[in-house]
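Me: Got a model open here. Can you walk me through it?
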Amino acid sequence: METLLVVIFVIGYLAITLEHNLKIDKLIPALAMMAILWALMAFGIDGFTTWFDSGNHALLENFGSFGHEEKMELMEETLLHHLGKTAEILVFLLGAMTIVEIIDYFDGFATIKSFVKTRSKKKILWIFSFLAFILSAIIDNLTATIVLISILQKIVKDREVRLWYAGLIIIAANAGGAWSPIGDVTTTMLWIGDKVSTAMLIEHLLIPSLVCMLVPSFIASYLPAFKGEIDVDEEEDGTNSKYGPRMLYLGLAAIVFVPIFKTVTHLPPYVGMMLSLAVVATFAEIYSNKKIAISSIDQESDDHSHHSPVHSALTKIELPSILFFLGILMAVAALESLGLLFNFAEGLKQGMPLIGTEMAGTQVSDLVVVLLGIGSAIIDNVPLVAASLGMFSEPMDDQLWHFIAYSAGTGGSMLIIGSAAGVVAMGMEKIDFFWYLKKISWLAFLGFIAGAICFMVMRYLF
């Protein structure tokens, strides 16, 4: 039965990675895989001899001696436990996405365009690289990529030049998301799972992540694509919303407030995110009512019905991504519950050379984590990190978790389909997979390796 479950997981995984070839959205195989795995576990529950207790992070060796009813009850408790942990991540993401869409409702991100005052391709590259690095740490790498490419489309007319900028934005956004607990889904998972703390994550990953961004940007600045000047479109965006800048700064401050709230109250992050969303939504409704009142006076009528900015934002959030995360996280939880991931982790620990373990004090090879980062370029990094949560039992803020956060967060830049930022850029600019592989992948690889070496050197020194 275990073999069948693994085969189904592999088939589902392949369907997710080949979604562009199959032309089937990845949420479909993710949800199907989740449901089938848990259903087969329910049917074959009496045939399993081991069970993984997620609460205590240990195998129940005497599971085979349990009665049928006792086994089913334990499986339902385990399912509920994993659903609760997954829901924490999903509700957190829903709140963050809604705040970002509310900012966009008031054209808040148009404020960022005013930062670009130069025509030099090289200077614009550095401006966007640093914007991507900083913004992704605050509003997550996916959203930062969407915002910056939208601005890029208004500034750079030449599509070929835009593709180069988009490639470097992907690298910088993924690097920026790795050192922030709210910058990437994978770091958010580790943070909510109490594997890393905000202060220690920033302390250990800020410099390696910065190196991961600086190296590709520095090399790219000497390439022919970034020589000379561009024709900047001087036209205004057509928006005169005086509330845009206010909502931008309020929304960003509200998201940054979430880790502070968690530190002070010790409550799960989604509670703080809901509080932040409530505050931002309150101001959004007030400003929206003011806009309608002014419009009504100007037109001497109130023919326009009131459209709530919150309702508008909720219609635009990426619900397919939320459902995909639900499916893949619960599917990985199924394999974890049977102890398959635990056994696989033990095999990795015994089979790989323990590079760097004397300094780090961990029992997991650096080579394993580097391969995990490279693997995240081929396979989505969310299930890889979800698997690592079930595979390794190191304590909170162990160096292993910081290295996993770095590798999974930045490794996906090596292929256009390896990260959420890459996939969304691919859709917005119609970037060809092989163009990215030829032009950008080697830059991303050099950045990834440089950051990984920086992390290991820092660990050895400090």
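Me: What does the secondary structure of the protein chain come to?
Reply: It comes to 22 helices and two strands. Keep in mind that this is a predicted model.

Me: How much of the chain is buried?
Reply: Buried residues are 55% of the 462 in the protein chain.

Me: And what about the surface, how much area does the chain expose?
Reply: About 20000 Å². Carbon and sulfur atoms supply 65% of that exposed area.

Me: Contacts next. What share comes from residues 24 or more positions apart?
Reply: They account for 77%, counting contacts in the protein chain with a separation of 6 or more.

Me: Is helix α18 mostly covered or mostly open?
Reply: Mostly covered. Helix α18 spans residues 381-391, and 11 of its 11 residues are buried. Among them are Asn381, Pro383, Ser388 and Met391.

Me: Switching to aromatics. How many pairs does a search of the whole structure find?
Reply: The search gives 18 aromatic pairs. Take Phe403 and Phe455: their ring centres are 4.7 Å apart and their planes sit at 15°.

Me: Why is that pair called stacked?
Reply: Because the planes are at 15°, and planes under 30 degrees apart count as stacked.

Me: Where do the two rings sit in the chain?
Reply: Phe403 is in helix α19 (residues 399-411) and Phe455 is in helix α22 (residues 441-461). They are 52 residues apart, so the pair links distant parts of the chain.

Me: Phe403, buried or exposed?
Reply: Buried, at 1% relative accessibility. Phe455 is buried too, with a relative accessible area of 2%.

Me: Which residues form an aromatic cluster?
Reply: One cluster is made of Tyr105, Phe106, Tyr243, Phe283 and Tyr287.

Me: Which lysines lie over a ring face?
Reply: Lys26 lies over the face of Phe324, 4.5 Å from the ring centre. Lys122 does so over Tyr222, at 4.7 Å from the ring centre.

Me: Back to α22. At what angle does it pack with α10?
Reply: About 145°, with the axes 8 Å apart. Helix α10 covers residues 198-220.

Me: What's the handedness of the crossing?
Reply: Right-handed, as α10 passes α22.

Me: Which residues make the contact?
Reply: From α10, they include Leu205, Ile207, Val211, Cys212 and Val215. From α22, they include Trp442, Leu446, Gly451, Cys454 and Phe455. Phe455 is also the partner of Phe403 in the stacked pair.

Technical notes: Residues are numbered from 1 along each chain as its sequence is written. This is a predicted model: local features need pLDDT of at least 70, side-chain atom pairs count only at pLDDT 80 or more; totals for chains, interfaces and linings use all residues. Side-chain values use heavy atoms; hydrogens and water are left out. Rings of Phe, Tyr and Trp (its six-membered ring) pair if their centres lie within 6.5 Å; planes under 30 degrees apart count as stacked, over 60 as edge-to-face and the rest as tilted. Helices (H or I, at least four residues) and strands (E, at least two) are DSSP runs, numbered from the N terminus. Buried means under 20% relative accessible area, exposed over 50%, partly exposed in between (1.4 Å probe, protein chains only). A charge sits over a ring if NZ of Lys or CZ of Arg is within 6 Å of the ring centre and within 35 degrees of the ring normal. Contact means heavy atoms within 4.5 Å. Accessible areas come from the Shrake-Rupley method with a 1.4 Å probe; for residues, only the protein chains shown count as cover. Axes are lines fitted to C-alpha atoms, for helices over the stretch in contact, and angles run from 0 to 180 degrees between N-to-C directions. A crossing is left-handed if the near helix is turned anticlockwise from the far one by less than a right angle, and right-handed if clockwise.
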